[in-house]
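Trainee: I have just opened this entry and would like to learn how its labels are earned. Could we go through a few together?

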Amino acid sequence: DKIENEPDSSTISQTKRLRENTTDTCELCGLLGMTLLDDVYPKYTPTEGLPRAMNCAEIAEILQNTIDDASDASCYDSWIDFNTQVPVYSQCCYSPVSTTVCEQEVQLLATGDDSDYNINIPYVPVNETAVNVALSIDYFAVTNIDIFEGTTEVFLGIDMGWKDERLAWDPKEHGGCAFTNYKASTDPELTNIWVPSLDLANRFDSLQNLPAAEGTVLFDGTVIWRRFGSIKGICLFDGLERFPYDELACPFYFENTQTFTLYNFDYPEEVVHFFELEAGERKYQEFTVVPEHTRIKKKDQRLDIVFCFKRSSNFYTTKLIVPTILFTILTFGSFLLDQRVGERLGFGMWMQMCQTCY
C-alpha cells in the first residue's frame, strides 16, 4: 500500500505546537520522555483501527485506548505492539537529543568498558529454567535438489525474538530513543549480544554460515533478529518411483544446539510463511514447493518441518512421455507393409533412429 497521510491544507496548523509532557507517562511520547507534536500529520499506512489523515494527537488517543491498565508491563507491550504496526513515534515525538547521541549512550551500557554484560551467558528470568525464544520461518524458494547427493537447498528467512533485560534502558534518561541495533552473530568474535544457538540437526551446511545480520533491541530488552540465506539439509527422498509425477519430501529439523541451555520455543499460529519467488527470466523450474502438503511438528526444543516439492511434470510429459508413446505407436506401421518389401526393415530402423535422436 502507498504510504500517505495528506490532509487538506486547511486543516494543518501554520505552526506545529509542542505540547508539554503530562504526568501520565503511559502514552505515545510520554513513555519515551519526549513531547508530542499535536498538529503534525505523520505518514503511515492506514489500517483497520487507524484510518488515514489523522494527526499525532488523534493517534496518541487511539494508543491510549488500547492500554488495559497503567502498569509498566501493559504500557510497554501496548506501545511496542502499536508502533510495530504503525511506526509513527519518530514523526510525532520531539526530543532535543539526537538519535545518534541517544543510541551511543545506550550501547555503551552493554558494550562499554564498565559493562558486565557477558555475550556467552543467556538471560534466564528469576524462577525460570529456560530461555523463551519466538521462532518463525519465511520460505522463499528451493535453490537446488540433488537426488544423487541426497540434499535439498532452500532460501529461507529465519525470525527469532527473545527478551534480554540486561539490554533494557529507560528512554526518558537517554534522549527518548526506543530501539538500537547491535552486531549479532553466533560467532563470539562478531557479536555484541548473546544470541540463541539454532541449527539443523540434519545439516549439510550449518546455519552459522548465513550472512551476518544486526539484531534490533527495543528499550524493554526485546531482541528481534532476522537472517536470510540458503540452508542445505540431508534428505532421504521418498516417492522417486513415480517419476516424473513424483513429490519429494525433505525434513528440516531446527533444534537448540546448546546441551545445557534449554529453550522454550514460542511459535505463532502460522509458523511457516510461504513467499514463492518468481522464476524471472528462467524458462524452467524443476521443483516447486507444495505448501498444503508441508508438515510441521512443533516441540519445545525443536521444530520439524517436512517440505514437499513437486516436480515440473509438464516438461517431461511434452518432451519425453508423449513423443515416446507416439513413436512407439508408429513403429507398428511396419506390420502394415508387405513382408516381402525391403523397406519394412528400413522403416523400423528409421523410427528407432528418430526416437533415439529426439
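Mentor: Gladly! A salt bridge here is a side-chain nitrogen of Lys or Arg within 4 Å of a carboxyl oxygen of Asp or Glu. By this rule the count is eleven salt bridges. Keep in mind that this is a predicted model.

Trainee: What makes Glu 149 and Lys 232 a salt bridge?

Mentor: Their closest N and O atoms are 3.3 Å apart, and the cut-off is 4 Å, so the pair qualifies. Glu 149 sits in the loop between β3 and β4, while Lys 232 is in strand β9, so the pair ties together parts 83 residues apart in sequence.

Trainee: Why is Glu 149 called partly exposed?

Mentor: Its relative accessible area is 39%. Buried means under 20% and exposed means over 50%, so Glu 149 falls in between and counts as partly exposed. Lys 232 has 14%, which is under 20%, so Lys 232 is buried.

Trainee: How do you know that Lys 299 and Asp 304 form a salt bridge?

Mentor: Their side chains meet at 3.5 Å, N to O, and that is within 4 Å, so the label fits. Lys 299 is partly exposed at 31%, whereas Asp 304 is buried at 7%. Elsewhere, salt bridges that share partners join Asp 138, Asp 159 and Arg 226 into one network.

Trainee: Which residue does Arg 311 pair with in a salt bridge?

Mentor: Arg 311 pairs with Asp 246, with 2.9 Å between the closest N and O atoms. Arg 311 lies in strand β15 and Asp 246 in the loop between β9 and β10, 65 residues apart. Both Arg 311 and Asp 246 are buried.

Trainee: Why does Gln 107 count as buried?

Mentor: Gln 107 has 19% relative accessibility, and the limit is under 20%, so Gln 107 is buried. This residue of helix α4 also makes a side-chain polar contact with Thr 180 at 2.8 Å.

Trainee: What makes Thr 191 buried?

Mentor: The value for Thr 191 is 9%, under the 20% limit, so buried is the right word. A polar atom of the Thr 191 side chain lies 2.7 Å from the backbone oxygen of Ile 193, and one lies 3.3 Å from the backbone nitrogen of Ser 185.

Trainee: Which residues have the most contacts inside the largest nonpolar core?

Mentor: They are Leu 28, Trp 79, Phe 254 and Phe 309, in a core of 79 residues. Strand β3 gives this core its largest share, seven residues.

Technical notes
Residues numbered from 1 in each chain as written. Predicted model: local features only at pLDDT ≥ 70, side-chain atom pairs only at ≥ 80, totals over all residues. Heavy atoms only, no water. Buried < 20%, exposed > 50% of the residue type's maximum accessible area, 1.4 Å probe, protein only. Polar contact = N/O pair within 3.5 Å; in protein donor to acceptor, adjacent residues only side chain to side chain. Core = buried A, V, L, I, M, F, W, Y, C linked by side-chain atoms within 4.5 Å. Helix = DSSP H or I, 4+ residues; strand = E, 2+ residues; numbered from the N terminus.
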